[in-house]
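The following exercises practise the reading of a protein model, from the order of its elements to single residues. Each task is followed by a solution in steps.

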Amino acid sequence: MGKGAVGVRNSGFKNRDSIVTEKIEVHGYCDEKFAAVKNVLAESMANGDDLGASVAVYLEGEAVVDLWGGCTDEGKTQAWQENTIINVYSTTKTMSFLCAL
């Protein structure tokens, strides 16, 4: 995995690289067609909307985005890892609705 220091709004990302912005690193894989997802994730942490986050997107069974970054605690002492476990709330309502369609 290569690392590169680039601005949040720069869309010239390579696969499996990192964005470093205001002490925020976004790690993982992102198909260049989905670079905007990486930008939004980095920006949401840089502007304080999120401490840390991860996102995965599959298109036709293929992983096109698998990103994570930021911290897991308000003190910013624990980095978000690829396998960080989190609570997910209220997702079953949406999934149940989608299955009913």
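**Exercise 1. State the order of the elements along the chain.**

Step 1. Read from the N terminus, the elements follow the order β-β-α-β-β-α. Helices (H or I, at least four residues) and strands (E, at least two) are DSSP runs, numbered from the N terminus.

Step 2. The chain therefore holds two helices and four strands.

Step 3. The model is predicted: local features need pLDDT of at least 70, side-chain atom pairs count only at pLDDT 80 or more, and totals for chains, interfaces and linings use all residues. Residues are numbered from 1 along each chain as its sequence is written, and side-chain values use heavy atoms, with hydrogens and water left out.

**Exercise 2. Determine how β4 pairs with β2 and with β3.**

Step 1. Two strands count as paired if DSSP finds at least two bridges between them.

Step 2. Strands β2 and β4 run antiparallel and are joined by five bridges. Across this pair, Tyr 29 lies opposite Asp 66 of β4.

Step 3. Strand β3 (residues 52-59) pairs with β4 over eight bridges, also in the antiparallel sense. Here Ser 54 has Trp 68 in β4 as its bridge partner.

Step 4. The hairpin of β3 and β4 has two residues between the strands, and Glu 60 in this hairpin takes a positive phi near 55 degrees.

**Exercise 3. Identify the residues of the largest nonpolar core and the elements that supply two or more of them.**

Step 1. A nonpolar core is a set of buried Ala, Val, Leu, Ile, Met, Phe, Trp, Tyr and Cys residues joined through side-chain atoms within 4.5 Å. Buried means under 20% relative accessible area, exposed over 50%, and partly exposed in between (1.4 Å probe, protein chains only).

Step 2. The largest core has ten residues: Ile 24, Val 26, Cys 30, Leu 41, Ala 42, Met 45, Ala 53, Val 64, Val 65 and Leu 67.

Step 3. Two or more of these residues come from each of β2 (24-30), α1 (35-46) and β4 (62-70).

Step 4. Leaving aside neighbours within four places in sequence, Leu 67 has contacts (heavy atoms within 4.5 Å) that include Val 26, Cys 30, Leu 41 and Ala 53.

**Exercise 4. Is Ser 96 buried, partly exposed or exposed, and what does its side chain reach?**

Step 1. Ser 96 belongs to helix α2 (residues 91-100).

Step 2. Its relative accessible area is 48%, so Ser 96 is partly exposed.

Step 3. The Ser 96 side chain reaches the backbone oxygen of Thr 92 at 2.8 Å.

Definitions and conventions: Polar contact = N/O pair within 3.5 Å; in protein donor to acceptor, adjacent residues only side chain to side chain.
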